[in-house]
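User: Please take a close look at one part of this model, and work outward from there to whatever surrounds it. Plain description is enough.

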Amino acid sequence: MDEHRMNAPADSTLLICASPRARGTSMMLLRRVQAVTGGQIVFLYREKGTHALLERMARADTIVISGPCYINTYPAPVLALLEAAALQAPWAGQRLYGIINGGMPYLHTHRQGLESLQLFARACGLRWMGGFVLGGGAMLDGQPLEKHLSARRVVPAFAAFAGHIAAGRPAPDSLYKQAQRLPGGVMARVFSAFLNRMVDKGLRRHGHDPYGPLPYGHQ
Ligand SMILES: Cc1cc2nc3c(=O)[nH]c(=O)nc-3n(C[C@H](O)[C@H](O)[C@H](O)COP(=O)(O)O)c2cc1C
């Protein structure tokens, strides 16, 4: 890892943690990047307004956003940040990388977050440099990446991703895609049935009938 470390000035690499959880998986991943690239970590949820953060983004050469997948994309504050940043376009060619981790072991359902960053970068004059999608992030719950189910492949793949950031190179999708083995069709059905039962149980516990009529007149 050390061969990639850069002696960067304070604001040249800005690492934005886009999870409300300071000890969650997004933060764990961001710290691993920081160990390679240097730079400062800021918490999107603790920023008061976006103005100061936009100023820091404008001063940075490289911006890395690491956040959880909430309903198939980044949490709303990330999208609000991008909308505010879009008003300041054109940007000065800052390099933008994204990391998104979701509870599900799949990648395609989380990938949408990276697509948002890519669209934003293309439209607003930043350079989209690629991202890393991590499935099974909820099981980790902020524990070291070495505890991931696919640790043997994911750990070196993520190290390579951080190395690309440090070197200012684009990071190919193949890094995260080849590193994670996805559940096959049979496992996916068992898993879905299990999760559906959990959701049904939760609804019943709160006094709702999961198969009853929808509220507010919906069909
Ligand atoms: C409101 C909310 C929505 C979520 N939506 C999804 C989702 O659509 N897909 C998924 O795989 N995980 C989903 N999750 C699980 C988180 O992505 C997962 O727990 C993640 O590891 C949290 O990252 P963090 O520890 O960095 O906060 C959701 C969690 C919350 C709280």
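Analyst: Pro90 is a convenient place to begin; this residue sits in the loop between α3 (76-86) and β4. The model is a predicted one, and in it the peptide bond from Ala89 to Pro90 is cis, with omega near 5°.

The loop leads into strand β4, which covers residues 95-101. All of this strand is shielded: 7 of the 7 residues of β4 are buried, so the strand is largely enclosed by the rest of the structure. In a regular strand, side chains point alternately to one face of the sheet and to the other. For β4, both faces are covered. Arg95, Tyr97, Ile99 and Asn101 are buried on one side, while Leu96, Gly98 and Ile100 are buried on the other. A residue counts as buried here if 20 or more other C-beta atoms lie within 10 Å of its own.

Next, the sheet that holds β4. Five strands make up an open sheet, ordered β2-β1-β3-β4-β5, with parallel pairing. Its edges are β2 (40-43) and β5 (127-134), each of which pairs on one side only. On average, neighbouring strands are turned by 20° against each other, direction ignored. Helix α4 (residues 108-124) packs on this sheet and touches β3, β4 and β5. The direction of α4 makes about 170° with that of β5.

Within the sheet, β4 pairs with β3 in the parallel sense over 7 bridges. One point of this pairing is Pro68, which stands opposite Asn101 of β4. Strand β3 (residues 62-68) also pairs in the parallel sense with β1 (residues 13-17), over 5 bridges. There, Leu14 has Ile63 of β3 as its bridge partner.

Ile63 links several of these pieces. Leaving aside residues up to four places away in sequence, Ile63 touches Leu14, Ile16, Met57, Gln94 and Leu96. Of those contacts, Leu96 is one of the buried residues of β4. Ile63 also belongs to the largest nonpolar core, which has 47 residues. Ile63 is among the members that touch the most others, together with Ile16, Val33, Val64, Phe132, Phe161 and Ile165. Helix α6 (residues 151-167) supplies the largest share of this core, 7 residues.

Val33 carries the description to helix α1, where this residue is one of the buried ones. Helix α1 (residues 25-37) has 13 residues and reaches 18 Å from first to last C-alpha, close to the 18 Å expected at 1.5 Å a residue. Since 10 of its 13 residues are buried, α1 is largely enclosed by the rest of the structure. The buried set includes Met27, Met28, Leu29 and Leu30, but also Arg32. After α1 comes Gly38, with a positive phi near 75°.

Back on the way from β3 to α3, two residues that are not glycine have positive phi. Ile71, in the loop between β3 and α3, has a phi of about 50°. Asn72 is placed in the loop between β3 and α3, and its phi is near 70°. Ile71 is exposed, with 10 other C-beta atoms within 10 Å, whereas Asn72, with 13, is partly exposed.

On the scale of the chain, the domain assignment gives domain 1 (2-181) and domain 2 (183-219). The C-alpha centres of domain 1 and domain 2 are 31 Å apart.

Key. Residues numbered from 1 in each chain as written. Predicted model: local features only at pLDDT ≥ 70, side-chain atom pairs only at ≥ 80, totals over all residues. Pairing = 2+ DSSP bridges. Helix = DSSP H or I, 4+ residues; strand = E, 2+ residues; numbered from the N terminus. Axes fitted to C-alpha atoms, helices over the stretch in contact; angles between N-to-C directions. Contact = placed C-beta atoms within 7 Å. Core = buried A, V, L, I, M, F, W, Y, C linked by C-beta atoms within 7 Å. Buried ≥ 20, exposed ≤ 12 C-beta atoms within 10 Å, placed from the backbone. Expected span 1.5 Å × (residues − 1). Domains from an automatic or database assignment.
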